[in-house]
Amino acid sequence: MIHIRTGDNNINKGLDSKLIASVENQLSKINLPNNILLLSDSNELKIYLNEKYNYNIIQSEIIHLGYLNSNNKESGIESTLIDFFLICGSNKIYSLSVYDWNSGFSTMASRIYNIPIEKYKI
């Protein structure tokens with residue numbers, strides 16, 4: 001499982017070329033297994049990485065649970081919970097984040113279910 005946190009300012013926004021380069025740079029350093037599910041707070045990034053590296057993705061409504069002003073609030077909450085349950089069922093989490101603290105989303109799944117996690121700064 002790869003979880004990429006692009007940051008609150010990038011949710012449902014276009015792709016930034018520096019962010020893509022940073023993500024690809026980190027991914028190139030990781031020895032990933034073949035069958036990877038990619039989750040992210042950016043649909044655009046998921047689609048880009050799926051097309052380029054053939055990672056498995058799920059198209060979903062992306063929202064930040066801290067900012068529930070979305071018109072598609074119900075489907076966004078459902079998608080967020082599905083993503084969390086998928087992370088909780090993984091064998092290992094590779095968490096990439098723009099934040100120094102990484103991602104509470106993937107960190108909590110790792111702690112609660114004792115899933116090994118590797119954290120990378122993008």
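**Exercise 1. Lay out the fold.**
Task: State how many helices and strands the chain has, and in what order they come.

Solution.
Step 1. Count the elements. The chain has four helices and four strands. This is a predicted model.
Step 2. Read along the sequence. The pattern is β-α-β-α-α-β-α-β.
Step 3. Look at how the chain meets itself. Take contacts between residues at least 6 apart in sequence: 60% of them join residues at least 24 apart.
Step 4. Check burial and surface. Of the 122 residues, 44% count as buried. The chain exposes about 6900 Å², and carbon and sulfur atoms supply 49% of that area.

**Exercise 2. Find the main core.**
Task: Describe the largest nonpolar core and the elements that build it.

Solution.
Step 1. Recall a trend. In soluble globular proteins, nonpolar side chains tend to be buried together.
Step 2. Size the core. The largest nonpolar core holds 17 residues. Ile2, Ile4, Val23, Leu27 and Leu96 have the most contacts inside it.
Step 3. Assign the elements. β1 (2-5), α1 (17-28), α2 (43-53) and β3 (93-97) each give two or more residues to this core. The largest share is from α1, with four residues.
Step 4. Zoom in on Ile2. Set aside neighbours within four places in sequence. Ile2 then contacts Leu27, Leu32, Ile36, Leu37, Leu38, Leu39, Tyr55, Tyr94 and Leu96.
Step 5. Look for another core. A second, separate one has nine residues, including Leu37, Ile87, Ile93 and Ile115.

**Exercise 3. Trace the salt bridges.**
Task: How many salt bridges does the whole structure hold? Then work through the Asp41, Glu118 and Lys121 pairs, and judge each partner as buried, partly exposed or exposed.

Solution.
Step 1. Count. A search of the whole structure finds four salt bridges.
Step 2. Take Asp41 and Arg5. Their closest N and O atoms are 2.6 Å apart. Asp41 sits in the loop between β2 (38-40) and α2, while Arg5 is in strand β1. The two are 36 residues apart, so this pair links distant parts of the chain.
Step 3. Judge their burial. The cut-off for buried is under 20% relative accessible area. Asp41 has 7%, so Asp41 counts as buried. Arg5 has 14%, so Arg5 is buried too.
Step 4. Take Glu118 and Lys92. Here the closest N and O atoms are 2.5 Å apart. Glu118 lies in strand β4 (residues 117-121), and Lys92 in the loop between α3 (73-88) and β3. The pair therefore ties together parts that are 26 residues apart in sequence.
Step 5. Judge their burial. Glu118 has 25% relative accessibility and counts as partly exposed. Lys92 has 26% and is also partly exposed.
Step 6. Take Lys121 and Asp100. Their closest N and O atoms are 3.8 Å apart. Lys121 belongs to strand β4, and Asp100 to the loop between β3 and α4. These residues are 21 apart in the chain.
Step 7. Judge their burial. Exposed means over 50%. At 41%, Lys121 counts as partly exposed. Asp100 has 71%, so Asp100 is exposed.

**Exercise 4. Compare two residues of helix α4.**
Task: Are Thr107 and Met108 buried or partly exposed? Describe the surroundings of each.

Solution.
Step 1. Place them. Thr107 lies in helix α4. Met108 is found in that helix as well, which spans residues 104-113.
Step 2. Judge Thr107. Its relative accessibility is 8%, so Thr107 counts as buried.
Step 3. List what Thr107 touches. Leaving out residues up to four places away in sequence, Thr107 touches Asn102, Ile117 and Lys119. The side chains of Thr107 and Lys119 are joined by a polar contact of 3.1 Å.
Step 4. Judge Met108. At 33% relative accessibility, Met108 is partly exposed.
Step 5. Find its patch. Met108, Ile112 and Tyr113 form a nonpolar patch on the surface. Together they have about 300 Å² of accessible area.

**Exercise 5. Examine a loop glycine.**
Task: Where does Gly14 lie, and is Gly14 buried or exposed?

Solution.
Step 1. Locate the residue. Gly14 is in the loop between β1 and α1.
Step 2. Judge exposure. Gly14 has a relative accessible area of 54%, so Gly14 is exposed.
Step 3. Check a partner in space. Glu44 is 30 residues away along the chain, and the C-alpha atoms of Gly14 and Glu44 are separated by 6.8 Å.

Note on methods:
Residues numbered from 1 in each chain as written. Predicted model: local features only at pLDDT ≥ 70, side-chain atom pairs only at ≥ 80, totals over all residues. Heavy atoms only, no water. Core = buried A, V, L, I, M, F, W, Y, C linked by side-chain atoms within 4.5 Å. Buried < 20%, exposed > 50% of the residue type's maximum accessible area, 1.4 Å probe, protein only. Contact = heavy atoms within 4.5 Å. Patch = residues over 30% accessible without salt bridge, like charges linked within 9 Å, V, L, I, M, F, W, Y side chains within 5 Å. Areas by Shrake-Rupley, 256 points an atom, 1.4 Å probe, with all protein chains shown as cover. Salt bridge = Lys/Arg side-chain N within 4 Å of Asp/Glu carboxyl O. Polar contact = N/O pair within 3.5 Å; in protein donor to acceptor, adjacent residues only side chain to side chain.
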